[in-house]
Amino acid sequence: SFVCRYFPIIFNKSGGNENVRKYGDWFSYNGSPRARIFKRDNTKVTDLKSMMSLMRYNDFTHDPLSRCNCTPPYSGENSISARCDLNPANGTYPFGALGHRSHGGTDMKVTTLYSISLIQV
């Protein structure tokens, strides 16, 4: 059973538990494809370059964690750098977020302790 550790009141009021019951782990904190990919691949991050690589990761047609009960059996949304624009428009998906949309590669922000130390106050 899913337990939201962070901001449970907001999760519950926004329908989080209902969505987990209805659609499964995709709406959960620890069981979503993105959470599972981060858990699997976080140890590969050793420097800024590898962090950028992880944040840009999307091998949804080959990554087993990107699979879904869809046709085709995967979604570009189910990766770190979500790419719904790569999903076929004629695919079938259990809910709209997994399908084809004009949505791809949302930006990310990253910094390092070194970069922060360069800031002069």
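pLDDT is the predictor's confidence in each residue, on a scale from 0 to 100, and the exercises below concern a predicted model.

**Exercise 1.** Determine which element of the protein has the lowest mean pLDDT and which has the highest.

*Solution.* Begin with the whole protein, for which the mean pLDDT is 89, with 93% of the residues reaching 70 or more. Turning then to the elements, α5 has the lowest mean, 79, whereas helix α3 (residues 33-41) has the highest, 96. As a caution in reading such values, predicted coordinates should not be read in detail where pLDDT is low.

**Exercise 2.** Classify the aromatic pair formed by W26 and F27, and state whether each of the two residues is buried or exposed or in between.

*Solution.* The structure holds six aromatic pairs. In the one formed by W26 and F27, the centres are 4.9 Å apart and the planes stand at 70° to each other; because planes over 60 degrees apart count as edge-to-face, this pair is edge-to-face. For the accessibility step, partly exposed covers the range between under 20% and over 50%, so W26, at 23%, is partly exposed, and F27, at 26%, is likewise partly exposed. Finally, ring pairs link W26 and F27 with Y23 and F95 into a cluster.

**Exercise 3.** Locate N17 and P72 among the elements, and describe the peptide bond that leads from T71 to P72.

*Solution.* N17 belongs to helix α2 (residues 16-23), and its relative accessibility of 26% makes N17 partly exposed. P72, by contrast, sits in the loop between α4 (48-55) and α5 (113-117), and the peptide bond from T71 to P72 is cis, with omega near 5°.

Conventions: Residues are numbered from 1 along each chain as its sequence is written. This is a predicted model: local features need pLDDT of at least 70, side-chain atom pairs count only at pLDDT 80 or more; totals for chains, interfaces and linings use all residues. Side-chain values use heavy atoms; hydrogens and water are left out. Helices (H or I, at least four residues) and strands (E, at least two) are DSSP runs, numbered from the N terminus. Buried means under 20% relative accessible area, exposed over 50%, partly exposed in between (1.4 Å probe, protein chains only). Rings of Phe, Tyr and Trp (its six-membered ring) pair if their centres lie within 6.5 Å; planes under 30 degrees apart count as stacked, over 60 as edge-to-face and the rest as tilted.
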